[in-house]
Amino acid sequence: MENTPLKTNRMPYFNRYQAMGRQDLEESQRLRRDSDSSDNPEHDCISLDIQRHPEENNMPSPVVGESEDVIPGLGQYDDFQTIDWQRDLARDRMRHRYIVKHKKDSVWDFIKAAHDAWSGWMCLFLVGLAAGTVASIVDIGTTWMTDLKYGFCPEAFWLDREQCCWSSNQTAFGYDNCSQWLTWPKLVGLSDESAGGYIIAYISYVLWALSFAGLAAVLVRMFAPYASGGAIPEIKTILSGFIIRGFLGKWTLLIKSIGIMLSVAAGLSVGKEGPMVHITICIGNILSYLFPKYGRNEAKKREILSAAAASGVSVAFGAPIGGVLFSLEEVSYYFPMKTLWRSFFCALIAAFVVRSIDPYGNEHSVLFYVEYSKPWIFFELLPFILLGAIGGLIGTLFIRANIWWSRYRKQSRIGQYPVTEVIVLTLINAVISYPNPYTRMSSTRLIYLLFSQCGVANNDYLCDYNRNYTNVNGAIESAAAGTGVYTALALLFLALVFKIVMTIFTIGIKVPAGLYIPSLCMGAIVGRIVGIAMEQWAYHYPQFWAFRGECSTGDDCITPGLYAMVGAAAVLGGVTRMTVALVVIMFELTGGVRYIVPLMAAAMASKWVGDAFGKDGIYDAHIALNGYPFLDNKEEFDCTTIAADVMQPRGNAPLTVLTQDSMTLSEVESILENSKHNAFPVVISRESHFLVGCVLRRDLMLAIGSVRRKQDDISDDSLVIFNGFVQGNPSASSPVKLRRILDLAPITVTDHTPMETVIDMFRKLGLRHVLVTHNGRLLGIITKKDVMLHMSHHQRTIPSVFH
């Protein structure tokens, strides 16, 4: 469908140059040859050229990096700017060629070459060590703070309930039966079962939750505003090439690590797994500055950040392979093959550290280790697919409701009081969640309970079956559900509604908050309910054709915990729209390798149903809501417009350009002061708009500032030249020579280039801008912002049954 409002403005771009004198093409080519010639020694030019070894003359200074020593900051980026992937990668290639060329010159050069070759592996080794250590501390601290709401260990207050009860033989009979652990009612001399004890426990639970959440909100607001939320949308934007200073800094790392322990311990419907990715990427960003190869090159640094993201999932779930796939599928924008290997290495080191520390206490290095004795039967694929469809619907409902509330929060006065919002939400959450045992317990413990099989030692309502255990080691027989099971189903349904509602309002508040665990929890509740229904169906109708073979022996042939696992994957897939990484994370998370097919079926059904109501997952939806400059390289865009329809300036508006040798220093500074463009095309002259190159605003400002500081014989009338050659001596002042900061090979397209091609160039090359030409003459410029506005406008003008 052609975008006609844009097409009507096409002709003025060509009429703009009809009155312009025709510059002879051969003359322009001769001028450009002259501009590329070597410096004339007779001219007294103020030059930014760097005195280098004769062998380095073929290496442009901005690429190699020598000019940064003379002009600090040259080649770097300001806050909220998009990096130039092509320039940064070219700089690294030139630097690498220079090191390889000179590595045999001396022993020191050989050591520098070896260090350069191994610096990436060494950096990621340190990232893995730090990520595993920090994640283990966060896990242990979260468990201790969570248990602090119920009581403390009088022998050693720094121990959580499980550690405190290791010396008690009663721990084998249930989590709540431990004489070594002192609850708050017992501290004041009341029994846990008494009415007074219940009230004391209730009040203690609420007060501790308010204290934890309030402290987390205050720390975030005072020291690190970027530490709030799960940060995956921002991480995706940063990895696509956007600069957000401070988002990956040391204060964000510290406050995020402390805040996530507090917010999870407060009982909010949040998880620490998403923020763990932010924490590990902060670690990767900080450690990359120890290696200038990555610290001074934003494009190369993103290879370290992508690998650090993989280690984040590895330490959060105990899933190193899933972490690599998560980084590849969900967050990374540029992911070459060497980054895949290094991501695997970093995730491996991080997982090894976590396994050595063993914060989960289950000796399996995974968060929810389960062992199911029965394989699934073919007929169960139908309920697994049904769970996938339900997960897609829940995910769609959650995304739309959360985006609506987040937009309302930003537009209303609620957003002006973030700490008050956190405290009020925590108060509501704590007061409502305590009466229900399934919302009172932590989300991770609830998920593990729902994933687990019923055994002899399990005395939860979920396992209240009319079974007669005659042999502890024997197979679990099929049995009718008791009253406790139906009570548990009712409580679980209420918990599901409560979790959905609270998560909608919680995601986006100003505390560290992830949505992986809440999504898994919602899905596990749905899956366990469906699993119990299937189990009772098989018990009451064993002669049904689907159960006739597997369920005729009297053993329990349906595993409700498996349905909880599949349901958890379905809802998480519906919220995030992950597929491959999700399946791998789930079977690594639980150790259930034999159940990959049910997980795959549920993940695909969830994605299909979710995509039917909207293509965006929760991360992409928040990126669009916040207006981040993110171009999804996996998304398709069909249009019939061309480059002339999108380029700036529009209509007959003049194009802001610099000339190669005819503008004074005051004129250039006036352009910098009166415009906010991040790049300026350089043309031959005002009469001849044949393109010479392009210069970045930041580089131009730094170069002019350096000249004014170091040179005394210049004035506002000094010529600014970009061609390295001055004909004559037009003024008494010495000219300022800026050829070294000029990009002589900018990316260009013609005015008739289809916008589909231009958008693919922006996505796959990571461009900041492209220049538009017609027969060699400069017409305009297309920036990343122009592309995003055009795509947004085009999508709004095309009718869709889903929008």
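pLDDT is the predictor's confidence in each residue, on a scale from 0 to 100. The structure is a predicted model. Its protein chain averages a pLDDT of 82, and 83% of the residues score at least 70. Confidence is not uniform along the chain. Over residues 1–69 the pLDDT stays under 50. The model nevertheless gives this stretch 135 contacts beyond four places in sequence. Residues 170–174 also have a pLDDT below 50, with seven contacts beyond near neighbours in sequence.

The protein chain holds 32 helices and 12 strands. It has 803 residues, of which 57% count as buried. Among contacts with a separation of 6 or more, 75% join residues 24 or more positions apart. The accessible surface is about 35100 Å². Carbon and sulfur atoms account for 61% of that area.

The largest nonpolar core contains 148 residues. F317, F326, Y438, F451, L520 and M586 have the most contacts inside it. Helix 23, residues 516–540, gives the most to this core, contributing 12 residues. L520 touches F317, I447, A568, L572, M586 and L589, leaving aside residues up to four places away in sequence. A second, separate core has 25 residues, including V707, I714, F722 and L738.

V707 is also one of the buried residues of helix 30. The others are R697, R698, D699, L700, A703, I704 and S706. Helix 30 covers residues 697–710. At 1.5 Å a residue, its 14 residues should span 20 Å. The end C-alpha atoms lie 20 Å apart, so the expected and modelled spans agree.

Conventions
Residues are numbered from 1 along each chain as its sequence is written. This is a predicted model: local features need pLDDT of at least 70, side-chain atom pairs count only at pLDDT 80 or more; totals for chains, interfaces and linings use all residues. Side-chain values use heavy atoms; hydrogens and water are left out. Helices (H or I, at least four residues) and strands (E, at least two) are DSSP runs, numbered from the N terminus. Buried means under 20% relative accessible area, exposed over 50%, partly exposed in between (1.4 Å probe, protein chains only). Contact means heavy atoms within 4.5 Å. Accessible areas come from the Shrake-Rupley method with a 1.4 Å probe; for residues, only the protein chains shown count as cover. The expected span of a helix is 1.5 Å times one less than its number of residues. A nonpolar core is a set of buried Ala, Val, Leu, Ile, Met, Phe, Trp, Tyr and Cys residues joined through side-chain atoms within 4.5 Å.
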